[in-house]
Amino acid sequence: MNVSKIVLIALIAFDLFFLILAANHYSLVALGSASFLFIITVNLVLLLAWAIGKKLNRGLVLIFSFVGFGFLFVQSFLFILTPTTFDSVSSPSGSEKVYIEHRNFSLGETSYSYNFYQRKGKVFMKELVDQNQLLVTRDNLPEGANDIKMLGLDVPHWINEKEVRFNSRQGTITIHLD
């Protein structure tokens, strides 16, 4: 088997792995919110290696490389423009861990978005899709208010190993783990 076939098979296996993870609402803890940038980068590099290995037309490879890396640059800019942060809280016994992906956007009113994930094993986390929250406020927040204080992430209240409560500015939010 030649190198270009190996690269193409590796690319297909890589994409299938992440496609299956995404379809089941799983992601890798280490990648966090930058997983899509990682996937795009690996795809571009492997496709470029495949095109060079197949000795495709240099002009065509250059055009596709330029377009692909331009797309990656735009995605990176959007990622920086609306930063996503991950924080985590562990249960008192340490047997459960909840990851909270949060971001905010303000244009007259501030929208706070919270996605909750439960740790599954050492490297995976599963999104708790039906428990994600969007909090919107129009009032001026006190000095030092941020995503963490808006949700009440700084003081989580564990009911038991499968339930955690956050006292947000808009009421109590209870997250139920699997």
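Here are some short exercises on a predicted model, each with a worked solution.

**Exercise 1: A nonpolar patch**

Find which residues form the nonpolar patch on the surface, and which helix gives the largest share of the patch.

*Solution.*
- Step 1. Start with the members: Leu8, Ile12, Leu16, Leu19, Ile20 and Leu47 form the patch. Together they have about 530 Å² of accessible area.
- Step 2. Now look for the helix. Helix α1, residues 3–23, supplies the largest share, five residues.
- Step 3. Take one member as an example. Leucine 8 lies in helix α1, and its relative accessible area is 31%. Partly exposed covers the range between 20% and 50%, so leucine 8 counts as partly exposed.

**Exercise 2: Two residues of one helix**

Decide for serine 65 and for leucine 81 whether the residue is buried or exposed.

*Solution.*
- Step 1. Place them first. Serine 65 sits in helix α3, residues 58–81, and leucine 81 lies in helix α3 too.
- Step 2. Serine 65 has a relative accessibility of 15%. Buried means under 20%, so serine 65 is buried.
- Step 3. Leucine 81 has a relative accessible area of 56%. Exposed means over 50%, so leucine 81 is exposed.
- Step 4. Look at what the side chain of serine 65 does: it reaches the backbone oxygen of valine 61 at 2.7 Å.
- Step 5. For leucine 81, try a distance in the viewer. From C-alpha to C-alpha, leucine 81 and leucine 37 are 14 Å apart in space, with their positions 44 residues apart in sequence.

**Exercise 3: Strand β5 and its partners**

Work out which strands are joined to β5, and which residues lie on its covered face.

*Solution.*
- Step 1. Begin with β1, residues 26–28. Three bridges join β1 to β5, and the two run antiparallel.
- Step 2. Zoom in on serine 27, which belongs to strand β1. Its bridge partner in β5 is methionine 125.
- Step 3. Check the surroundings of serine 27. Leaving out residues up to four places away in sequence, serine 27 touches Tyr117, Val123, Phe124 and Met125. Its relative accessible area is 15%, so serine 27 is buried.
- Step 4. Move on to β4, residues 110–120. Four bridges join β4 to β5, again antiparallel. Here glutamine 118 stands opposite lysine 126 of β5.
- Step 5. Use a general idea for the faces. In a regular strand, side chains alternate between the two faces of the sheet. In β5, residues 124–127, Met125 and Glu127 make up the covered face, while Phe124 and Lys126 make up the uncovered one.

**Exercise 4: Positive phi angles**

Find which glycine takes a positive phi in the hairpin of β4 and β5, and which residue has a positive phi although it is not a glycine.

*Solution.*
- Step 1. Recall the background: most residues other than glycine have a negative phi.
- Step 2. In the hairpin of β4 and β5, three residues lie between the strands, and glycine 121 has a positive phi near 75°.
- Step 3. Histidine 25 is the residue that is not a glycine, and its phi is positive at about 65°. Histidine 25 is found in the loop between α1 and β1. With 36% relative accessibility, histidine 25 is partly exposed.

**Exercise 5: Salt bridges**

Find how many salt bridges the whole structure has, then describe each pair.

*Solution.*
- Step 1. Side chains of opposite charge can pair when their charged atoms come close. A search of the whole structure gives three salt bridges.
- Step 2. Glutamate 96 pairs with lysine 162, with the closest N and O atoms 2.7 Å apart. Glutamate 96 is in the loop between β2 and β3, and lysine 162 is in the loop between β7 and β8, so the pair ties together parts 66 residues apart in sequence. Glutamate 96 is buried at 11%, whereas lysine 162 is partly exposed at 35%.
- Step 3. Arginine 103 pairs with glutamate 101, the closest N and O atoms being 3.4 Å apart. Arginine 103 is partly exposed at 27%, and glutamate 101 is buried at 8%.
- Step 4. Lysine 120 pairs with aspartate 178, the closest N and O atoms being 3.9 Å apart. This pair links distant parts of the chain, 58 residues apart: lysine 120 is in strand β4, and aspartate 178 is in the segment after β9. Lysine 120 is partly exposed at 26%, while aspartate 178 is exposed at 51%.

Key
Residues are numbered from 1 along each chain as its sequence is written. This is a predicted model: local features need pLDDT of at least 70, side-chain atom pairs count only at pLDDT 80 or more; totals for chains, interfaces and linings use all residues. Side-chain values use heavy atoms; hydrogens and water are left out. Patches are made of residues with over 30% relative accessible area and no salt bridge: like charges are joined within 9 Å, nonpolar side chains (Val, Leu, Ile, Met, Phe, Trp, Tyr) within 5 Å. Accessible areas come from the Shrake-Rupley method with a 1.4 Å probe; for residues, only the protein chains shown count as cover. A salt bridge is a side-chain nitrogen of Lys or Arg within 4 Å of a carboxyl oxygen of Asp or Glu. Buried means under 20% relative accessible area, exposed over 50%, partly exposed in between (1.4 Å probe, protein chains only). A polar contact is a pair of N or O atoms within 3.5 Å; within protein, one must be able to donate a hydrogen and the other to accept it, and residues adjacent in sequence count only if both atoms are side-chain atoms. Two strands pair if DSSP finds at least two bridges between them. Contact means heavy atoms within 4.5 Å.
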